[in-house]
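New to this one? Take a look at the model below, and then let's walk through it piece by piece.

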Amino acid sequence: MFCAISGEAPEEPVVSVKSGHLFEKRLIEKYIADHGKDPITGDELTNDDLVSVKANPETVRPRPPKLSSVPSLLSSLQNEWDSVMLESFTLKQQYQQVRQELSHALYQNDAATRVIARLKKERDSAREALANVQAHLGTTAAAAPAPAAEESDKGAMDVDTSALPSDVVNKINETSESLSQGRRKRKPPTEHTSIDAIKTFTESSTIPSMHSARSTGITAVDLDHSGQLILTGGNDKHVQIYNKAEEKVLANLTGHTKKVTCVKFRGQEVEHDVALSASADKHVRVWVPGGSKGYHVGHNINAHAGEATGLAVHPSKDYFVSCGLDSKWSFYDFDSGKSIVDAVDPEYTSGYTSIQFHPDGMILGAGTVDSAVRIWDVKSQSIAATFGEHTGKVNALAFSENGYILATASEDNIVKIWDLRKLSNTKSFTLDDGFKINSLSFDYYGQYLAVGGSGVRILKAKDGSSLASFNDNTADITGVKWASPMADSLLAAGLDRTIRYYSAPN
């Protein structure tokens with residue numbers, strides 16, 4: 001019998017009840033005290049698991065090896081050689097394992113360095129965009145520290161961004177400079193409709209039976225500069241232009257193959273303005289005056305890979321954007337109808353539901369399916385800010401004319417007011433339980449906020465207090481528009497095929 005540790009005959013042999021191996025008692029007890037496990041199998045082992053072996057006759061201590069002869073010397077050297085080779089083999093295995101671990105650590109470090117470099121690049125771009133936004137809103141951005149290591153960023157993964165042509169950038173800058181002068185200090189004139197007058201608003205007139213009765217409902221509405229031409233889109237796939245003064249439809253425009261989701265006038269001060277329409281058929285159409293129907297298609301743009309959901313006209317009136325459920329917004333030239341730039345955020349794929357330009361035209365806001373509002377810098381096509389405190393799809397958004405405030409609404413039945421100077425939510429207005437919000441509209445001087453959805457509500461923009469409430473509609477209101485800069489009349493259109501006007505009694 002030989003000890004499994006020393007390989008010699010033990011003086012006090014013990015056997016493990018778990019593995020059955022024989023050990024020298026003093027050796028195995030010391031090993032258990034140090035490691036707590038069986039040295040051969042690696043299983044947990046305690047002194048209680050050892051059973052003494054009572055040999056008869058008792059085991060005697062082995063005689064020391066005699067090295068007086070050549071065979072015994074050779075045998076001893078052979079044993080030593082074998083031990084050295086085994087130890088060398090074990091060390092080589094450990095060396096290979098350490099090399100693999102070091103190689104993996106170096107790879108992780110290299111990947112982390114690339115990611116950090118890319119994030120620094122995105123951070124600097126976001127800071128620059130934010131500084132531009134705050135500069136155009138009349139605030140000063142905090143100075144951003146210079147990149148820590150510009151040279152190291154060169155090896156990082158770059159984010160592709162598209163640049164607008166210089167003439168377009170110059171036009172955007174000129175428009176912003178001309179419109180921002182005096183905008184921030186503009187105050188309502190004395191003839192602006194008072195709060196007391198708003199509280200007396202009632203339904204003053206209606207335009208019934210708009211669009212087809214087969215696929216009922218007005219899905220989108222807009223007014224021209226005069227407030228006399230009403231542009232509507234419907235579930236019947238048609239676009240209509242209605243003359244309020246003559247009380248007749250000037251043009252019934254067909255061509256879309258699915259419901260119309262958004263309509264906009266170009267906003268020029270002309271007798272017959274250019275019109276835009278977006279549809280669930282993924283197309284955007286530009287309608288220009290002329291032809292037998294009064295209007296005809298100027299451009300039919302295959303704009304998106306998903307449903308086209310929103311339109312916005314740049315304050316210069318030379319460009320417009322569309323957005324869609326393909327998570328893209330595109331910037332177009334009115335005259336050519338061609339896309340100048342397409343903006344896509346690779347980290348966002350849920351889709352856009354609504355879009356609107358800031359009054360100065362330097363940024364635009366886009367509502368998303370996943371309850372966020374993204375503020376884009378138009379010139380760099382980069383994200384300047386993201387507001388994400390809603391729950392549910394963002395159905396509507398509206399900038400106030402002074403450019404400081406953004407109102408947003410989603411399926412959570414809450415209207416939120418965002419201060420663009422602080423990039424924070426300053427107020428939240430909760431409407432009636434179950435009240436669905438589809439449209440928001442500030443009056444020209446930013447005193448009142450109209451809300452369209454399950455009904456029509458007029459709120460005081462400053463604190464959200466309710467000034468007027470209307471429930472004359474028999475189906476959801478899909479669009480609300482103030483009919484004049486003085487806020488003396490409000491238009492509401494809905495799925496009941498009716499356009500309603502609300503104003504104070506004469």
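What follows is a short tour of a predicted model, taken one region at a time.

## Two nonpolar cores

Let's start on the inside. The largest nonpolar core has 20 residues, and the members that touch the most others are Val321, Trp329, Phe331, Ile355 and Leu364. Several elements chip in with at least two residues each: helix H4 (166–180), plus strands E14 (319–324), E15 (328–333), E16 (339–344), E17 (352–357) and E18 (363–368). There is also a second, separate core of 18 residues, with Ile417, Phe435, Val451 and Ala461 among them.

Trp329 is a good place to pause. Skipping its neighbours within four places in sequence, Trp329 is in contact with Val321, Ser322, Cys323, Val341, Asp342, Ala343, Tyr352, Ile355, Leu364, Trp376 and Gln381. Keep Gln381 in mind, as that residue comes up again further down.

## The sheet from E9 to E12

Now for a sheet. Four strands line up in the order E9-E10-E11-E12, forming an open sheet with antiparallel pairing. E9 and strand E12 (295–302) sit at the edges with a single partner strand each, so one side of each has no neighbour in the sheet. Ignoring direction, neighbouring strands here are turned by 20° against each other on average. Zoom in on E9 and strand E10 (residues 275–279), and you'll find 5 bridges joining the antiparallel pair. Lys264, for example, stands opposite Leu276 in E10.

Thr261 belongs to strand E9 (residues 260–265). Is Thr261 buried or exposed? Its relative accessibility is 18%, so Thr261 counts as buried, the cut-off being under 20%. A polar atom of the Thr261 side chain lies 2.6 Å from the backbone oxygen of Ala308. Not counting residues up to four places away in sequence, Thr261 touches Thr219, Ala220, Ala278, Ser279, Ala280, Glu307, Ala308 and Thr309.

## The sheet from E25 to E28

A second sheet to look at is also open and antiparallel, with 4 strands in the order E25-E26-E27-E28. Strand E25 (437–442) and strand E28 (466–470) are the edge strands, each pairing on one side only. From one strand to the next, the twist averages 15°. Between strand E27 (residues 456–460) and E28, which run antiparallel, there are 4 bridges. One residue to look for is Leu459, whose bridge partner in E28 is Ser466.

Strand E27 also holds Arg457. With a relative accessibility of 8%, Arg457 counts as buried. The side chains of Arg457 and Asn471 are joined by a polar contact of 3.3 Å. Beyond its neighbours within four places in sequence, Arg457 is in contact with Asp432, Phe435, Leu449, Ala450, Val451, Ala468, Ser469, Phe470 and Asn471. Phe435 and Val451 are familiar names, since they were listed for the second core.

## Ile198, a buried helix residue

Next, a helix. Ile198 lies in helix H5 (residues 195–199), and its relative accessible area is 0%, so Ile198 is buried. Which residues does Ile198 contact, leaving aside its neighbours within four places in sequence? They are Thr193, Tyr448, Ile458, Leu467, Ala468, Trp482 and Ala487. Ile198 and Ala504 are 306 residues apart along the chain, yet their C-alpha atoms are separated by 6.8 Å.

## Cysteines without disulfides

How many disulfides are there? The count comes to 0. Take Cys262: the closest cysteine sulfur is in Cys323, 7.8 Å away, which is too far for a bond because a disulfide needs the two sulfur atoms within 2.5 Å. Cys262 is buried, with a relative accessible area of 12%. Cys3 is buried as well, at 3%.

## Two unusual loop residues

Finally, some backbone angles. Most residues other than glycine have a negative phi. Lys282, though not a glycine, has a positive phi near 80°. Lys282 sits in the loop between E10 and strand E11 (283–289), and at 36% relative accessibility Lys282 counts as partly exposed.

Gln381, met earlier as a contact of Trp329, also has a positive phi, near 50°, without being a glycine. You'll find Gln381 in the loop between strand E19 (373–377) and strand E20 (382–387). At 8% relative accessibility, Gln381 counts as buried.

How values were computed: Residues numbered from 1 in each chain as written. Predicted model: local features only at pLDDT ≥ 70, side-chain atom pairs only at ≥ 80, totals over all residues. Heavy atoms only, no water. Core = buried A, V, L, I, M, F, W, Y, C linked by side-chain atoms within 4.5 Å. Buried < 20%, exposed > 50% of the residue type's maximum accessible area, 1.4 Å probe, protein only. Contact = heavy atoms within 4.5 Å. Polar contact = N/O pair within 3.5 Å; in protein donor to acceptor, adjacent residues only side chain to side chain. Pairing = 2+ DSSP bridges. Axes fitted to C-alpha atoms, helices over the stretch in contact; angles between N-to-C directions.
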